[in-house]
Amino acid sequence: MKKINVSMIVFMALCIVINILGGFIALSLRLPVYIDTIGTIMSAITLGPIYGGIVGILTSIVNAATFDPISIFFIPVQLVVGLSTGLLFKSSKFNGIKSILSIILITVLGSITASVIAAIVFNGVTSSGSSILVTILKNSGVNIIASVFSTQIFTDLLDKGISFFAVFSILKAMPNSLKLNLCRES
């Protein structure tokens with residue numbers, strides 16, 4: 001793990017703000033996606049899995065304290081996304097089938113984690129816009145676990161597709177001097 005410096009702290013704070021804005025927009029508009037892990041993913045790819053996890057945890061805490069109290073229960077999801085992204089994108093290469101498979105694996109791990117939390121703690125109904133789909137499935141006779149997971153995996157695939165696209169675009173546009181100052185030791 002690289003010794004933390006002021007640039008890294010500022011970058012992590014920016015990543016937290018990106019997560020908070022994404023989560024606030026998604027919640028306010030009742031979108032069926034979350035867009036609250038863009039900063040977690042960016043931090044994990046740039047700085048490493050531990051820093052991605054820290055950004056995710058702090059995001060959930062701030063979101064819970066400000067506009068979405070339910071998000072505190074989903075700290076494990078942010079942690080799973082941060083750690084798995086940092087580990088799977090260790091080489092910071094974003095081309096080919098390996099990237100696609102890594103994104104799918106990250107999505108599945110996050111979906112399983114979120115589904116267990118949503119089903120057990122909230123009986124499938126959370127502050128997310130996707131809760132409407134869960135309710136429709138539950139009222140159609142589908143059991144709670146299947147209702148939550150099928151909705152979660154569908155919305156997470158869309159969410160992570162958007163999030164990774166945004167991160168890859170931002171990192172591609174980021175000046176090399178900034179990347180060199182931030183990038184983790186390989």
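**Exercise 1. The cavity lining**

Task: Find which helix gives the most to the lining of the largest cavity in this predicted model.

Solution:
- Start with the count of cavities. The structure holds one cavity of 30 Å³ or more.
- Take its volume next. The largest cavity contains about 480 Å³ of space.
- Now list the lining. It has 34 residues, and those closest to the cavity centre are Tyr 34, Asp 36, Asp 68, Phe 74 and Ser 128.
- Assign the lining to helices. At least two residues each come from H1 (6-28), H3 (49-66), H4 (75-88), H5 (96-122), H6 (131-139) and H7.
- Pick the top contributor. H7 gives the most, with seven residues.

**Exercise 2. Character of the lining**

Task: Sort the lining of the largest cavity into nonpolar, polar and charged residues.

Solution:
- Nonpolar residues number 13.
- Polar residues number 16.
- Charged residues number five.

**Exercise 3. Two residues of H7**

Task: Decide for Ile 145 and for Thr 155 whether the residue is buried or exposed.

Solution:
- Place both residues. Ile 145 lies in helix H7, which spans residues 144-173. Thr 155 is in H7 as well.
- Apply the cut-offs: buried is under 20% relative accessible area, exposed is over 50%.
- Ile 145 has a relative accessible area of 52%, so Ile 145 is exposed.
- Thr 155 has a relative accessible area of 2%, so Thr 155 is buried.

**Exercise 4. Surroundings of Thr 155 and Ile 145**

Task: Describe what Thr 155 touches, then relate Ile 145 to Gln 78 in sequence and in space.

Solution:
- Leave out residues up to four places away in sequence. Thr 155 then touches Pro 32, Val 33, Tyr 34, Ser 130 and Leu 133.
- Compare with the cavity. Tyr 34, one of these contacts, is also among the lining residues closest to the centre of the largest cavity.
- Look at the side chain. A polar atom of the Thr 155 side chain lies 3.2 Å from the backbone oxygen of Gln 152.
- Turn to Ile 145. Ile 145 and Gln 78 are 67 residues apart in sequence, and their C-alpha atoms are 20 Å apart.

**Exercise 5. Annotated segments**

Task: Check the secondary structure of residues 70-89 and 101-122, two of the segments that UniProt annotates as "transmembrane region".

Solution:
- Read the record. The unreviewed UniProt entry places this feature at residues 6-29, 41-64, 70-89 and 101-122.
- Residues 70-89 are 70% helix and 0% strand. The end C-alpha atoms of this segment are 29 Å apart.
- Residues 101-122 are 100% helix and 0% strand. Here the end C-alpha atoms are 30 Å apart.

How values were computed:
Residues numbered from 1 in each chain as written. Predicted model: local features only at pLDDT ≥ 70, side-chain atom pairs only at ≥ 80, totals over all residues. Heavy atoms only, no water. Helix = DSSP H or I, 4+ residues; strand = E, 2+ residues; numbered from the N terminus. Buried < 20%, exposed > 50% of the residue type's maximum accessible area, 1.4 Å probe, protein only. Polar contact = N/O pair within 3.5 Å; in protein donor to acceptor, adjacent residues only side chain to side chain. Contact = heavy atoms within 4.5 Å. UniProt positions renumbered as here; feature names shortened; annotations may be inferred. 1 Å grid on protein atoms, 1.4 Å probe; cavity = no way out; pocket = protein on both sides within 12 Å on 5 of 7 lines; lining within 4 Å. Points joined across faces, edges and corners; volume = space filled by probe spheres on them. Nonpolar A, V, L, I, M, F, W, Y, C, P; charged D, E, K, R; others polar.
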